Amino acid sequence: MFLAIACSGCVFGIPGKGGFSASAMIDQEQAVLAEVNRIRAGAGLKELLRAPDLERLARSQTVAMIRMRRIGHEDESGRRVEARATLQKVDFHVISENVG
């Protein structure tokens, strides 16, 4: 299974307006994934793996939400996750996202 975590980036502010740190967002993503995998291991489940293409997709939506100052499934051009994934050439059969 693959997991992309990026919504935690919303706490870091607006890009170009101060307070936003891509490295802080990545550190937070890695910490969340480590904690999720620790819990999964305790339940006898396999760890989730990082998927760089999904991470880029999730991060781009995080940045879009920060810029728009709202949480939602559509980017600044009104594209939903399937359209954004296709545009970014992510290989998928089924794709969904959780925001908020």
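A polar contact is taken here as a pair of N or O atoms within 3.5 Å, one able to donate a hydrogen and the other to accept it. In the predicted model, the side chain of Asn-37 reaches the backbone nitrogen of Leu-48 at 2.6 Å. Asn-37 is found in helix H1, which spans residues 22-42. With a relative accessibility of 13%, Asn-37 counts as buried, because the cut-off for a buried residue is under 20%. Apart from neighbours within four places in sequence, the contacts of Asn-37 are with Glu-47 and Leu-48.

The protein chain contains three helices and two strands, arranged from the N terminus in the order β-α-β-α-α. Of its 100 residues, 31% are buried. Among contacts with a separation of 6 or more, 52% involve residues 24 or more positions apart. The chain exposes about 6500 Å², and carbon and sulfur atoms supply 55% of this area.

The largest nonpolar core consists of five residues, namely Leu-57, Val-81, Ala-85, Val-90 and Ile-95. Ile-95 touches Leu-57, Val-81 and Ala-85 of this core, and also Leu-54 and Glu-82, when residues up to four places away in sequence are not counted.

Side chains of opposite charge can pair when their charged atoms come close. The model has seven salt bridges. One of them joins Asp-75 and Arg-79, with an N to O distance of 3.0 Å. Asp-75 is buried, at 9% relative accessibility, whereas Arg-79 is partly exposed, at 32%. Through shared partners, salt bridges also link Glu-29, Arg-50, Glu-55 and Arg-59 into one network. Within this network, the side chains of Arg-59 and Glu-55 meet at 3.8 Å, N to O. Arg-59 and Glu-55 both lie in helix H2 (residues 52-68), where four residues, about one turn of the helix, set them apart. Both Arg-59 and Glu-55 are buried.

A further salt bridge is formed by the side chains of Arg-80 and Glu-74, at 3.9 Å from N to O. Arg-80 has a relative accessibility of 43% and counts as partly exposed. Glu-74 is likewise partly exposed, with a relative accessible area of 33%.

Key:
Residues are numbered from 1 along each chain as its sequence is written. This is a predicted model: local features need pLDDT of at least 70, side-chain atom pairs count only at pLDDT 80 or more; totals for chains, interfaces and linings use all residues. Side-chain values use heavy atoms; hydrogens and water are left out. Buried means under 20% relative accessible area, exposed over 50%, partly exposed in between (1.4 Å probe, protein chains only). Contact means heavy atoms within 4.5 Å. Accessible areas come from the Shrake-Rupley method with a 1.4 Å probe; for residues, only the protein chains shown count as cover. A nonpolar core is a set of buried Ala, Val, Leu, Ile, Met, Phe, Trp, Tyr and Cys residues joined through side-chain atoms within 4.5 Å. A salt bridge is a side-chain nitrogen of Lys or Arg within 4 Å of a carboxyl oxygen of Asp or Glu.
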